[in-house]
Amino acid sequence: MNHLGFATFGVDYREYDRLREILEECRFAGLGPELSIYTKTSRYPDFMEELARKREMFAPYYVTFHGPYSEVEATSPPGSQARQVMVEAYRQAFRCCRDFSAHTIVMHTNQKVHLTGDDGGLRENCISVIRELGEMAGELGGGVRLLVENVGIPKKDNVLFPMEEFIRMFDELPEDIGCLIDVGHAFINRWDMEEVIRRLKGRIASYHLHNNDGDRDSHRMLFEDHLYYGREDWRRLFAVMEEYTPGADWILEYSPKNPITPKAIAGEIREILRLAEMRPGQHAVG
């Protein structure tokens, strides 16, 4: 593990004072924030202006970002207005990453598609915009690394990149573009986690960690009873993650429907470190 993170999804994105309380309670583990970005075309048009005022608040921490997703579509055809919206959203996002000295920013491969058969060129569109955004990250992002996340729920017919296609996508992308493996999304799609991690190895820069029932993308905390993964499953997965991706960040991405309190998150982290056989502070901090 490189760094531990906590996604702002867990505090309704904008409850920054509550987020800082969690970070301070978990300072023993070097916890940092995964901040989210919503642009002016989203349901939160003032989001970025509000976030900009919090830069000093998060200056002491290791910061990562979740890029725009609900207001954009990465599969939009080149030259379309939707593609222009996507590119402009990430232009704004990369500048925000630079201002916060962020290390990574993650994007979704798709958001609004509904697949009924052949992908109709949507994968090709997605890969082309990832390349474009990767170049832009280098120009505008102040050193931020672009990551691509596995998304899609079978029941919603929006799994654009099943496991094999997701892995193969990185053969077509520049080496400086990495991936973020969302473990909960992988559960829903019945991915072989060890196979994915073994094959992608160093391309994996981050993980989103959460649990579910194997059917719904509920973003539960890791150690609830009667979910898809139990403690021994997590222990085995952590060992694989450390074997093949020791430099990856582990980001807790919980729904705010969980009991999100500083003490609850500190307890969750202590259990993660116990199962991963790590001591507090053993991984990189700063």
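User: In this predicted model, which helix makes a β-α-β unit with β5 and β6, and what is the unit's handedness?

Analyst: Going by the predicted coordinates, β5, helix α6 and β6 build the unit together. The helix covers residues 163-169. So the helix you want is α6, and the unit is right-handed, as a crossover is right-handed if the path over the helix runs clockwise with the strands pointing away from the viewer.

User: How do β5 and β6 run relative to each other, parallel or antiparallel, and which residue of β6 is the bridge partner of V148?

Analyst: Three bridges join β5 (residues 145-149) to β6, and the two run parallel. V148 has its bridge partner in β6, and that partner is C179.

User: What about the pairing of β6 with β7: how many bridges are there, and which residue in β7 does I181 stand opposite?

Analyst: β6 and β7 also pair in the parallel sense, over four bridges. Across from I181 in β7 you'll find Y207.

User: Which residues of β6 sit on each side, and are they buried or exposed?

Analyst: In a regular strand, side chains alternate between the two faces of the sheet. In β6, G178, L180 and D182 are on one side, with C179 and I181 on the other. Five of the five residues in β6 (178-182) are covered up, and both faces come out buried.

User: What closed arrangement do the strands form, and what is the average twist from one strand to the next?

Analyst: Eight strands, β1-β2-β3-β4-β5-β6-β7-β8, run round a closed barrel with parallel pairing. From one strand to the next, the twist averages 30 degrees.

User: Which strands does helix α4 lie across, and at about what angle does it run to β4?

Analyst: Helix α4 takes in residues 81-100 and lies across β2, β3, β4 and β5. One of those pairs, β3 with β4, is parallel over two bridges. Relative to β4, helix α4 runs at about 160 degrees.

User: Where does H219 lie, and is H219 buried or exposed?

Analyst: H219 lies in the loop between β7 (204-209) and α9 (231-244). Its relative accessible area is 7%, and the cut-off for buried is under 20%. So H219 counts as buried.

User: Which side chain and which backbone oxygen does the H219 side chain reach, and at what distances?

Analyst: H219 touches several residues further off in sequence, including D182, H185 and E253. With D217, the H219 side chain makes a side-chain polar contact of 3.1 Å. The backbone oxygen belongs to E253, and it lies from a polar atom of the H219 side chain by 2.8 Å.

Terms used:
Residues are numbered from 1 along each chain as its sequence is written. This is a predicted model: local features need pLDDT of at least 70, side-chain atom pairs count only at pLDDT 80 or more; totals for chains, interfaces and linings use all residues. Side-chain values use heavy atoms; hydrogens and water are left out. Buried means under 20% relative accessible area, exposed over 50%, partly exposed in between (1.4 Å probe, protein chains only). Contact means heavy atoms within 4.5 Å. A polar contact is a pair of N or O atoms within 3.5 Å; within protein, one must be able to donate a hydrogen and the other to accept it, and residues adjacent in sequence count only if both atoms are side-chain atoms. Two strands pair if DSSP finds at least two bridges between them. Axes are lines fitted to C-alpha atoms, for helices over the stretch in contact, and angles run from 0 to 180 degrees between N-to-C directions. Lists of a residue's contacts leave out its neighbours within four places in sequence.
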